[in-house]
Amino acid sequence: MLDIRTLRENPDAAKAKWASRGLDVDVQALLDLDDHRRQLITRVEELQQTRNSSSKEIGLRKKAGEDASEAMEAVRKIGDQISALDKEKTEATQALETQLMSLPNFPHASVPVGHSEADNPVIRSWGEKPEQAFEPKPHWVLAEALGIFEFERAATLSGAGFSCLTGAGARLSRALISFMLDLHTGEHGYTEVQPPFLVNDDALLGTGQLPKFAEELYRVPEDGLWLIPTAEVPLTNLYRDHIFAADELPRNLTGYTPCFRREAGAAGKMTRGMNRLHQFDKVEMVTFCKPADSYARLETLTGHAEAVLQKLGLHYRVITLCTGDIGFSSAKTYDIELWAPGQQAWLEVSSCSNFEDYQARRAKIRYRNENGKPELVHTLNGSGVALPRLLVAILEQCQQDDGSIVLPEILRPYMGGMERI
RNA sequence: GGAGAGGUGGCUGAGUGGUCGAAGGCACCGGAUUGCUAAUCCGGCGUACGCUUAUUUGUGUACCGAGGGUUCGAAUCCCUUCCUCUCCGCCA
């Protein structure tokens, strides 16, 4: 959520920033609503002041044994006015909040302007496409031959869009999770967290999935809970309503969780194999930091995700999402894509974003600045990284002409010394 | 699931209708004192929003888990709800 005050100060700039995301926002209507709301606040508070002083007087008079029935009647009438105006005030405040909650963040000045993913510039790449003197196979062909994924059997349990790893496939997934968590906690300074996988409305409002994207989420109506679409939700909301001491920042969390996404409207989009699933595993990184540090931190965080891929020796590239493609809550996002030679495609495995104070304002996450005053922190997060497509890339990049997979060396200790699947 | 207890400021802990944004203690910050340290003394010390204003300052309102009610007036009384703890039951 953005601060209404920034809209007041520079409505034209706000309109232009939203326009760069392809949104036409009636900023003036928001400001009118805000003005109305503030007038109501002033009137209500004036009446409350009168009521408070009158009530105090009534108390004193009664104590002195005097009659106060006339004053009591007058205050009762004020009370009725207050209730009516206060109701109006609450409605105006909620109306404004509802609208602000549904408006996306401003893109940072360094974000390239564009309309769609076609306009996202590639800013660097690492490694090389593997030299494969044979026709590289897609992972679903490899996996079936190796007997490590069970797509059809998963469908009998849960329908399309679910996978079931077996044998070395399951172990590889577990090995990758351990490897990534060890790397982030051991070398990158993150604290490991195992959060709940079910969360309430407030958590999802805090990070921006609600109110706009409810159709993307699985929910459990009986209990008012939702399955998390990413560990970002529980990790970021861990500090909802919290004020950090300045020396506690940056606070870096990492955690492994499954992620649940309905993927409504994604039918037909790269759904073959493990490219897109309703449930997948992911290791996530979340950072809370001082506003001045957040852009440097975004580079660091992205580097941490890249470190995973570099240590695995996988060919990838990094792109900057343009203004037209950037996520709802984000001010700037880098996507990391792995090369999948069996599909001749780049697969997104990580998305690293700086949300500035957008989530912090919604979730009320603050720190005490140099003046001792509470100030919103900046939040960042990045996948570090998502499992299914990482498995896909390992299978497709590391496949041999006989269909076997030579495992990256760094994973072998996690695989009980196995070198090849 | 059943029975009971409780949710107050960074922590602890008073407060059962008015002068309570809330005693006391701890922690923290500033100052004084003291060869040093410790101790002592004085002062300060919540958050949000509105108005004011030079983002100084001032002032007002709200907030004692959340929501509603009673009342001239609610931390305090009533209702609903959430959460925590203890015991019992069940259970990985």
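**Figure 1. Residues of the protein surrounding RNA strand B in the predicted model.** In this predicted model, RNA strand B is surrounded by 22 residues, and the closest of these are Q48, S55, K63, V75 and R76. Sorted by side-chain class, the residues of this surface comprise eleven charged, six polar and five nonpolar ones.

**Figure 2. Secondary-structure elements that supply the surface near RNA strand B.** At least two residues of this surface come from each of α1 (4-9), α3 (27-63), α4 (69-101) and β12 (366-368). Among the contributors, α3 gives the most, with 14 residues in the surface near RNA strand B.

**Figure 3. Contacts to phosphate oxygens of RNA strand B.** A polar side-chain atom of R5 is placed 3.2 Å from a phosphate oxygen of the strand, and a polar side-chain atom of N52 lies 3.4 Å from a phosphate oxygen of RNA strand B. As a setting for these two contacts, sugar or phosphate accounts for 73% of the atoms of RNA strand B that lie within 4 Å of the protein, while the rest belong to bases.

**Figure 4. A backbone contact from S55 to a base of RNA strand B.** Here a backbone N or O atom of S55 lies 2.7 Å from a base nitrogen of the strand; S55 is also listed among the closest residues to RNA strand B.

**Figure 5. The two assigned domains of chain A.** The domain assignment divides chain A into domain 1, covering 4-101, and domain 2, covering 117-415. The C-alpha centres of domain 1 and domain 2 are 43 Å apart in the predicted model.

Note on methods
Residues numbered from 1 in each chain as written. Chains lettered and ligands numbered in written order. Predicted model: local features only at pLDDT ≥ 70, side-chain atom pairs only at ≥ 80, totals over all residues. Heavy atoms only, no water. Domains from an automatic or database assignment. Near = heavy atom within 4 Å. Polar contact = N/O pair within 3.5 Å; in protein donor to acceptor, adjacent residues only side chain to side chain. Helix = DSSP H or I, 4+ residues; strand = E, 2+ residues; numbered from the N terminus. Nonpolar A, V, L, I, M, F, W, Y, C, P; charged D, E, K, R; others polar.
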